[in-house]
Amino acid sequence: MKPSQRLFIKSALNQGAKLRLDADQAHYLINVLRMPVGSEILVFNGKDGEWSAELVSVSKRGGELFCLKQTRAQDIVPELWLAFAPVKGDRVDYIVEKATELGACVIIPIITERTIVRKVNHERLLARCIEAAEQCGRLSVPEVFPPLPLSAFYDQREDDALILFADEAGDNMTIAQSLGEAKPPIVILLTGPEGGFTPLEREKLRGCEHVRPVSLGPRILRADTATFAGLALVQSVWGDWT
Ligand code: SAM
């Protein structure tokens with residue numbers, strides 16, 4: 001029977017590979033999953049697909065897995081990026097966790113004029129993404145960028161990316177309408193902070209060629225809700241849910 005537990009491993013995965021476990025991973029297997037030596041686990045690294053591996057040794061300081069066979073070939077996730085203004089408290093962790101489950105491949109915290117939280121704990125966010133990827137069955141972990149000022153974000157924009165600017169003011173197209181005609185190779189969902197975008201930020205964004213202001217419905221969503229709703233809507237018409 002195929003093992004169900006999954007672990008993200010940074011090393012190369014191939015038949016017979018010996019995979020080192022660090023102390024945190026060993027702790028997870030011993031104390032959380034209570035895995036005895038000899039049991040099997042699924043491992044993935046974002047490049048070589050998913051493999052079954054046997055736990056050959058484990059202690060508080062670390063351990064070793066032995067790579068057995070590939071269980072799933074590596075998939076390519078759609079280039080769906082989330083550029084979001086961080087919010088207060090642990091809702092930022094929740095946003096990156098849900099963005100991972102919803103299939104985002106790049107996550108960029110964006111600092112806008114009204115963003116209250118201007119620093120994020122990059123290591124903690126990445127750890128949350130890894131946990132979410134292990135849980136939801138993904139074969140990759142999103143890339144989490146350091147925080148970027150809004151102006152730098154659209155200046156450094158990827159050339160063939162379409163930015164869906166979640167703009168709660170004004171009557172805008174839906175995400176389905178904005179993705180109806182164009183099938184861009186990269187779609188970036190941009191959402192604002194609790195206080196929204198300033199009029200000047202909105203004017204600059206709406207003036208950019210690769211930016212489409214989109215509506216997320218008739219009600220004002222909380223900043224975190226907007227990220228979940230927006231990603232789900234993109235996936236349902238453009239990404240890997242179709
Ligand atoms: N300006 C909002 C207000 O009047 O309360 C506050 C911003 S809202 C809490 C946070 C962000 O979620 C917005 O900047 C926008 O990106 C997104 N958002 C919320 N509701 C939306 C909607 N109905 N359509 C498009 N974007 C929305």
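Modeller: Let's settle one word before we start: a residue is called buried when its relative accessible area is under 20%, and exposed when that area is over 50%. Also keep in mind that this is a predicted model.

Colleague: Fine. Which residues of α2 are buried?

Modeller: Arg91, Val92, Asp93, Ile95, Val96, Glu97, Lys98, Ala99 and Thr100.

Colleague: And what makes α2 largely enclosed?

Modeller: The count does: 9 of its 11 residues are buried, so the rest of the structure largely encloses α2. The cover over those buried residues includes β6, β7 (106–111), α3 and α7.

Colleague: Why is threonine 100 counted as buried?

Modeller: Its relative accessibility is 0%. The cut-off is under 20%, so a value of 0% earns the word buried. Threonine 100 sits in helix α2.

Colleague: Which residues does threonine 100 touch, not counting those up to four places away in sequence?

Modeller: They are Ile107, Cys129, Ala132, Ala133, Cys136, Arg138 and Pro142.

Colleague: What does the side chain of threonine 100 reach at 2.8 Å?

Modeller: The backbone oxygen of valine 96. A polar contact needs N or O atoms within 3.5 Å, so 2.8 Å meets that distance limit.

Colleague: What happens just after α2?

Modeller: Glycine 103 takes a positive phi of about 100° there.

Colleague: Which residue has a positive phi although it is not a glycine?

Modeller: Arginine 34, at about 50°. Most residues other than glycine have a negative phi. Arginine 34 lies in the loop between α1 (23–32) and β3.

Colleague: Is arginine 34 buried or exposed?

Modeller: Exposed: the bar is over 50%, and arginine 34 has 63% relative accessibility, so it clears that bar.

Colleague: Why is glycine 46 called partly exposed?

Modeller: Its relative accessible area is 28%. Buried would need under 20% and exposed over 50%, so 28% falls in between. Glycine 46 is in the loop between β3 (40–44) and β4 (50–59). Leaving aside neighbours within four places in sequence, it contacts Phe8, Gln74, Leu139 and Ser140. Its C-alpha atom is 8.4 Å from that of lysine 10, though the two are 36 residues apart along the chain.

Colleague: How many disulfides does a search of the whole structure find?

Modeller: The search finds 0.

Colleague: How do you know that cysteine 129 is in no disulfide?

Modeller: The nearest cysteine sulfur, that of cysteine 136, is 10 Å away. A disulfide needs the sulfur atoms within 2.5 Å, so this pair does not qualify. Cysteine 129 is buried too, with a relative accessible area of 0%. Cysteine 67 likewise counts as buried, at 0% relative accessibility.

Colleague: Which residues touch the most other members of the largest nonpolar core?

Modeller: Ile107, Leu164, Leu179 and Val234, out of 26 residues in that core. β6 (79–84), α2 (91–101), α3 (122–136), β10 (161–166), α5 (175–180), β11 (186–191) and α7 (223–237) each supply at least two of its residues. Apart from this core lies another, of 21 residues, including Ala152, Ala161, Phe165 and Cys208.

Colleague: What is leucine 164 in contact with, leaving aside its neighbours within four places in sequence?

Modeller: Among its contacts are Ile175, Leu179, Val187, Leu189, Arg212 and Val234.

Colleague: How many residues surround the ligand?

Modeller: There are 18, and the closest are Ala166, Glu168, Leu216, Arg219 and Leu221.

Colleague: What makes the pair between alanine 166 and the ligand a polar contact?

Modeller: A backbone N or O atom of alanine 166 is 2.7 Å from a ligand oxygen atom, and the limit is 3.5 Å, so the pair counts. A polar backbone atom of arginine 219 lies 2.7 Å from a nitrogen atom of the ligand. For leucine 221, a backbone N or O atom is 2.9 Å from a ligand nitrogen atom. Taken alone, the ligand exposes 580 Å², and the protein buries 83% of that.

Colleague: And how many helices and strands does the chain have?

Modeller: It has 7 helices and 12 strands. Of its 242 residues, 49% count as buried.

Technical notes:
Residues numbered from 1 in each chain as written. Predicted model: local features only at pLDDT ≥ 70, side-chain atom pairs only at ≥ 80, totals over all residues. Heavy atoms only, no water. Core = buried A, V, L, I, M, F, W, Y, C linked by side-chain atoms within 4.5 Å. Buried < 20%, exposed > 50% of the residue type's maximum accessible area, 1.4 Å probe, protein only. Helix = DSSP H or I, 4+ residues; strand = E, 2+ residues; numbered from the N terminus. Contact = heavy atoms within 4.5 Å. Near = heavy atom within 4 Å. Polar contact = N/O pair within 3.5 Å; in protein donor to acceptor, adjacent residues only side chain to side chain. Areas by Shrake-Rupley, 256 points an atom, 1.4 Å probe, with all protein chains shown as cover.
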